[in-house]
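Work through the following exercises with the coordinates open beside you. Each task is followed by a solution that proceeds step by step.

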Amino acid sequence: MNSLIFRTIAPLLVAVMLVFSVFVLLRGHNEPGGGFIGGLIAASALTIYGMAMGAGAARTALQLHPLAYAGFGVALAALAGALSIVFDVPFLTGLWTIFEFDEVEVAISTPMVFDIGVYFVVFGTIAAVALALEDEEGGA
Amino acid sequence: MEATPAIAIALVVLLPFVAAALAPLVHRLVGDLAGWVVALVPVAGFIALWGLLGRVSDGEIITIAWPWAPSWGLELSFLVDGLSLTFALTIAGIGAFILLYSGAYLKGHKQGRFLGFLLAFMGAMQGLVLADNLVALYLFWELTSVASFLLIGFDHTRQAARRAAIQALLVTGFGGLALLAAGVTIYTISGGWDLSAAGDLKGHLAYPLLVGLVLLAAFTKSAQLPFHFWLPNAMEAPTPVSAYLHSATMVQGGVYLVARMTPHLGGEAIWNLTLMAFGGATLLWGAIAALRQTDLKQLLAQTTLASLGLLMLLLGAGTELAVTAAVLYFIAHALYKAGLFLVAGAIDHGTGTRDITMLGGLRDPMTLSFIGTIMASAAMFGLPPLIGFFAKEEMYAALAIGQFESLLALAALVLGNALLGAIGLALLIKPFMGQLLPTPIEPHEAPVAMLAGPLVMGVLGIFLGFVPTLAGQLAVAPATSAILGVPVETHLKFGVDLLGPAFWLSVATWVLAIGLFLRLDLARSLLRRTATAIGWSFDIGFDWVYFGIVRVAGAVTRLLHHGRLELYLFLVFVLLVVAAIGPLWLLDGLPRGPQTLDLRFYEWGLVGLAVLGVVTVVYARSRLFAILALGVQGLAVALLYLVFGAPDLSFTQFMVEILSVVILALVMIRLDLDTADRRPLEDWARDGGVALLGGVAVTMLLWAVIEGPFDLRLSTFFNAHSVPIAHGHNVVNVILVDFRGLDTLGEISVVMTAGIAILALIRGARRQKPVEVAPVEPGPQPKRRAARKAVA
């Protein structure tokens with residue numbers, strides 16, 4: 001999309017969207033949000049980036065093939081579930097650790113890791129499809 | 001030294017599998033000596049089994065069980081009695097010579113892998129004959145089929161070898177399924193997986209079914225008519241494989257199964273007569289077909305068919321004498337047939353041909369092979385005092401009892417044995433006597449590793465003939481007892497009853513055999529002409545069935561998978577309508593519809609926006625405009641969710657709508673279509689009709705859901721437990737990542753798989769014309785989640 005305004009704004013917009021997607025992902029356990037929505041926002045961000053700068057630039061920015069992110073997500077979610085084997089509890093049992101930093105509680109849990117996996121799957125898959133379609137745009 | 005049974009079983013069944021994995025490594029380390037090294041595995045097994053022989057021949061039945069899957073009541077149980085020990089000793093003993101032989105026979109030909117396959121087969125075969133657990137029996141049974149597949153197709157660059165391998169696998173694997181069904185049936189009847197605990201199954205209603213299943217398994221494995229055709233084709237395998245799997249051991253698996261099942265199923269006419277009929281038919285078929293062959297291995301394969309039929313016949317007769325004869329014949333046959341195969345391989349190796357008409361006078365250049373063949377042929381011919389003679393005497397004595405079917409079987413036996421005797425003479429005289437004929441390679445003797453088998457087995461056949469009483473005590477009587485289910489004392493003794501009918505039947509057999517041998521060429525040309533005149537064989541029949549199945553599968557695939565996207569979609573939506581409205585209509589659950597409409601003004605506004613969006617989609621001139629309008633409709637729905645207090649759902653719906661519009665727009669650009677969608681009226685009517693019906697159906701369904709009482713149990717549970725046990729206030733998210741995490745794991749796998757499929761579609765379309773790509777819509781997964789969120 002050959003628009004100077006769009007190309008100038010896009011990186012800023014994308015950066016904000018990506019940060020926002022992580023924010024949505026992490027707040028999901030207690031407020032509206034979660035890995036699925038976060039992944040969709042991140043994928044939209046990448047789609048915008050691809051439209052503005054070209055699919056090639058978006059792929060370069062990703063470093064890896066988008067589907068690799070999706071695969072990583074599935075593996076991460078499965079591993080988060082499989083961690084229960086160490087504690088001799090059924091597969092996917094939620095395990096929680098709560099750290100305290102100066103009276104601020106930070107909860108680290110397997111459901112959170114699982115949700116991060118979901119985030120990567122949704123992001124990777126949608127981004128892969130969108131980028132593959134954008135590749136064709138210029139008649140490449 | 002007496003090993004404990006558990007160690008013995010581990011050595012016999014498990015060690016070959018371990019050795020199979022290590023065989024390529026051994027070959028790399030010691031090169032062509034690998035055969036000598038791996039032969040130690042069956043030797044160790046043989047010694048371990050020998051240590052159990054004393055206890056078993058005293059009538060003891062040794063059982064061993066390891067826990068396997070305790071939650072399903074499965075134990076890996078093994079049983080050593082006379083029957084399994086006789087088979088296991090044969091498998092280990094002959095196996096050692098086969099491995100040794102293979103090392104020399106396949107010098108420099110991917111030997112490591114070959115020895116590995118052979119060892120894996122050996123472990124599976126030992127497991128088959130020693131297993132008591134029916135599941136383990138089935139598993140080992142199929143493993144032998146798989147090993148046989150790998151070994152027949154070992155020379156996989158040849159089309160004939162590949163075909164033979166697939167054919168053997170399909171036929172024996174098909175029988176394996178019957179065995180599985182039989183095992184499950186026995187489990188259902190007896191309540192346990194151990195065959196030894198099954199008891200007498202004859203009185204049960206399912207008895208005829210069981211007999212059918214067991215015999216189907218046995219007949220396919222042991223190549224009985226009409227499943228015999230795979231065995232001659234399996235001669236595509238390297239010779240040691242033919243000697244080991246396809247004469248001495250694997251094909252005896254069916255015979256073993258029949259023997260093993262006899263205490264549970266035997267004794268009824270349906271069992272006995274079926275076995276005798278099929279066994280007798282196979283005996284004569286194989287023996288006559290053998291006359292036609294000139295290739296040494298084909299000759300031997302056909303006689304193996306005959307011998308397998310003979311064993312089935314004897315087991316079918318089922319008397320003590322007949323079963324004793326079967327055990328004796330099994331031992332005799334394993335020794336002489338493996339020996340003959342190995343010599344055939346040695347001749348092939350030493351002269352470059354296996355055609356019996358091109359061979360002659362080999363007694364001088366291949367003296368040791370000649371000696372091995374004399375011993376094996378004599379056993380096949382049934383000369384005293386070889387063990388083969390006693391086997392023949394015993395079977396004649398068993399059937400010369402005057403009943404009609406016995407006498408019929410006796411006639412078949414005499415004729416079959418005479419034919420086999422004639423072949424035995426031919427195998428000795430044609431290649432070794434007479435003038436030395438020119439062969440592709442200058443005839444030379446095979447190395448010692450290839451001769452050890454035939455010579456030792458030949459000597460053993462003679463030795464056992466001199467000590468029939470000992471053989472009877474150690475192996476034959478215990479095995480017979482196991483087959484009959486009652487203790488049997490041996491009656492075998494060294495000597496010939498010159499006045500008994502058995503001896504005179506033997507004499508008749510010899511005379512007939514010599515007569516047939518003298519007319520062998522005439523018989524061959526007659527049979528060949530008959531076969532050509534018939535022009536059909538069971539092998540061709542197999543192809544009919546095989547390609548028939550492929551053709552039917554192809555037709556069904558083409559019918560269902562025609563590749564026309566609009567028809568797929570049409571079908572999907574029609575079925576959706578049927579699935580949504582059919583049950584409601586049939587079960588009289590059609591909704592009454594809302595009685596009053598009590599909406600606020602902004603709710604009316606949102607509904608109006610959604611309706612406007614849909615109407616615009618239908619009437620839009622350009623496709624792009626329609627897509628945008630669709631997005632407007634979606635966003636209106638998302639706003640509705642928000643108004644009715646489902647922020648998560650609304651949030652997701654927003655994102656999905658935006659991405660749908662973007663992706664649909666990208667697809668439209670790629671597809672390079674006209675801006676407007678013009679098509680014939682009938683298409684328009686069809687799609688419009690289905691769309692309207694779909695809308696009505698989904699509306700009806702939702703109304704019906706709303707009209708029913710609202711079940712709060714799940715909502716209550718999740719609301720009550722979300723914070724205390726899952727530490728989360730967002731119930732929707734807690735359900736997704738914790739309570740129903742397994743579902744989500746499945747869903748994200750599906751999402752990723754769908755992504756991969758979409759990429760493949762895009763790439764495939766890119767290679768062809770970029771027209772046929774499916775409209776990519778990320779909708780289904782998010783929608784499914786939305787539906788589930790609505791539960792909360």
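**Exercise 1. Confidence in the model**

Establish what mean pLDDT chain B has, and which stretch of chain B falls below 50.

Solution. This is a predicted model, and for chain B the mean pLDDT is 87, with 96% of its residues reaching 70 or more. Residues 770-792 of chain B have a pLDDT below 50, and this stretch has 47 contacts in the model beyond near neighbours in sequence. For the complex, the predictor gives an ipTM of 0.92 and a pTM of 0.74.

**Exercise 2. The architecture of chain A**

Determine how many helices and strands chain A has, and in what order its elements run from the N terminus on.

Solution. Counting the elements of chain A gives 5 helices and 2 strands, and reading them from the N terminus on yields the order α-α-α-α-β-β-α. The C-alpha trace of chain A spans about 55 × 30 × 25 Å along its principal axes.

Next, take the axes of H4(A) and H5(A), which come within 7 Å and cross at roughly 160 degrees. Because an angle over 145 degrees counts as roughly antiparallel, H4(A) is roughly antiparallel to H5(A). Their crossing is left-handed, and the contact of H4(A) with H5(A) has, by class, 20 nonpolar, 6 polar and no charged residues.

**Exercise 3. The side of chain A that touches chain B**

Find which elements give two or more residues to the side of chain A that touches chain B, and which of them supplies the largest share.

Solution. Begin with the totals: the contact takes 42 residues from chain A and 40 residues from chain B. On the side of chain A, the elements that give two or more residues are helix H2 (35-53), helix H4 (66-82) and helix H5 (110-135). The largest share, 15 residues, comes from H5(A). Sorted by class, the residues on this side of chain A divide into 25 nonpolar, 12 polar and 5 charged.

**Exercise 4. Helix H17 of chain B and its partners**

Check what span the 29 residues of H17(B) should have at 1.5 Å a residue, and then work out how H15(B) and H13(B) are oriented against H17(B).

Solution. The expected span of H17(B) is 42 Å, and its end C-alpha atoms are 42 Å apart, so the two values agree. After H17(B) comes Gly434(B), whose phi is positive, near 75 degrees.

For the pair with H15(B), the axes of helix H15 (residues 367-381) of chain B and helix H17 (residues 404-432) of chain B come within 8 Å and cross at roughly 165 degrees, which means that H15(B) is roughly antiparallel to H17(B). The contact is made by residues including Phe370(B), Ile374(B) and Phe381(B) of H15(B), together with Leu420(B), Gly424(B) and Phe432(B) among those of H17(B). By class, this contact of H15(B) with H17(B) has 9 nonpolar, 4 polar and no charged residues. The crossing in which H15(B) passes H17(B) is left-handed.

For the pair with H13(B), the axes of helix H13 (residues 296-317) of chain B and H17(B) come within 11 Å and cross at roughly 155 degrees, and therefore H13(B) is roughly antiparallel to H17(B). This crossing of H13(B) and H17(B) is left-handed. Among the residues that meet are Leu299(B), Ala306(B) and Leu313(B) in H13(B), and Ala409(B), Gly416(B) and Leu420(B) in H17(B). The residues of the contact of H13(B) with H17(B) divide into 10 nonpolar, 3 polar and no charged.

How values were computed: Residues are numbered from 1 along each chain as its sequence is written. Chains are lettered from A and ligands numbered from 1 in the order in which they are written. This is a predicted model: local features need pLDDT of at least 70, side-chain atom pairs count only at pLDDT 80 or more; totals for chains, interfaces and linings use all residues. Axes are lines fitted to C-alpha atoms, for helices over the stretch in contact, and angles run from 0 to 180 degrees between N-to-C directions. Helices (H or I, at least four residues) and strands (E, at least two) are DSSP runs, numbered from the N terminus. Angles under 35 degrees count as roughly parallel, over 145 as roughly antiparallel, 65 to 115 as roughly perpendicular and the rest as oblique. A crossing is left-handed if the near helix is turned anticlockwise from the far one by less than a right angle, and right-handed if clockwise. Two residues are in contact if their C-beta atoms, placed from the backbone, lie within 7 Å. Ala, Val, Leu, Ile, Met, Phe, Trp, Tyr, Cys and Pro count as nonpolar, Asp, Glu, Lys and Arg as charged, and the others, Gly among them, as polar. pLDDT is the predictor's confidence in each residue, from 0 to 100. The expected span of a helix is 1.5 Å times one less than its number of residues.
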